[in-house]
Amino acid sequence: MYEIPDIAQELKAARRGKGLTQRALGSLTGLPQSHISKIETGTVDLQLSSLIELARVLDLEPVLVPRRALPAVLAVIASLTSGQTEPRPVYQLDEDEDDV
């Protein structure tokens with residue numbers, strides 16, 4: 001299960017991956033740089049509205065899934081981010097099935 005430090009690290013990695021400074025991200029989201037710093041260090045509670053705005057700018061998608069489905073979702077995400085250049089299909093038809 002994701003916890004706040006995990007989310008904070010993902011946001012920080014996504015920001016850096018886009019080559020944005022905290023100040024630049026703040027300009028795009030309307031959040032002060034100091035608040036973004038506190039979010040990334042986990043020293044402030046992350047408001048849902050801030051998470052959604054940060055995710056929008058960083059091309060992330062916050063998704064709520066049932067807890068029992070989380071292992072499957074994490075496995076799919078891991079398979080898509082394992083350094084492959086092309087995502088693998090999540091399913092595959094058997095040879096005797098038609099793809100109608």
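## Helix packing and salt bridges in a predicted model

In this predicted model, Leu 25, Leu 28 and Thr 29 of helix α2 are in contact with Glu 53, Leu 54, Arg 56 and Val 57 of α4. Helix α2, which covers residues 22–29, packs against α4 at an angle of about 105°, and the two axes lie 10 Å apart. Because angles of 65 to 115 degrees count as roughly perpendicular, α2 and α4 are described as roughly perpendicular to each other.

The structure holds three salt bridges, which are set out below with the distance between N and O atoms.

| Salt bridge | N to O distance |
|---|---|
| Glu 40 and Arg 15 | 2.6 Å |
| Asp 59 and Lys 18 | 2.9 Å |
| Arg 56 and Glu 53 | 2.4 Å |

Glu 40 belongs to helix α3 (residues 33–41) and Arg 15 to helix α1 (residues 4–17), so this salt bridge ties together parts that are 25 residues apart in sequence. Glu 40 is buried at a relative accessible area of 6%, and Arg 15 is likewise buried at 7%.

The salt bridge of Asp 59 with Lys 18 links the loop between α4 and α5 to the loop between α1 and α2, across 41 residues. Here Asp 59 is exposed, with a relative accessible area of 59%, whereas Lys 18 is partly exposed, with 40%.

Arg 56 and Glu 53 are three residues apart in helix α4, and therefore about one helical turn separates them. Arg 56 is exposed at 52% relative accessible area, while Glu 53 is partly exposed at 23%.

On the surface, Val 63, Val 65, Val 73, Leu 74 and Ile 77 form a nonpolar patch with about 350 Å² of accessible area together. Within this patch, Val 63 sits in the loop between α4 (48–57) and α5 (70–80), and its relative accessibility of 59% counts as exposed.

How values were computed: Residues are numbered from 1 along each chain as its sequence is written. This is a predicted model: local features need pLDDT of at least 70, side-chain atom pairs count only at pLDDT 80 or more; totals for chains, interfaces and linings use all residues. Side-chain values use heavy atoms; hydrogens and water are left out. Patches are made of residues with over 30% relative accessible area and no salt bridge: like charges are joined within 9 Å, nonpolar side chains (Val, Leu, Ile, Met, Phe, Trp, Tyr) within 5 Å. Accessible areas come from the Shrake-Rupley method with a 1.4 Å probe; for residues, only the protein chains shown count as cover. A salt bridge is a side-chain nitrogen of Lys or Arg within 4 Å of a carboxyl oxygen of Asp or Glu. Helices (H or I, at least four residues) and strands (E, at least two) are DSSP runs, numbered from the N terminus. Buried means under 20% relative accessible area, exposed over 50%, partly exposed in between (1.4 Å probe, protein chains only). Axes are lines fitted to C-alpha atoms, for helices over the stretch in contact, and angles run from 0 to 180 degrees between N-to-C directions. Angles under 35 degrees count as roughly parallel, over 145 as roughly antiparallel, 65 to 115 as roughly perpendicular and the rest as oblique. Contact means heavy atoms within 4.5 Å.
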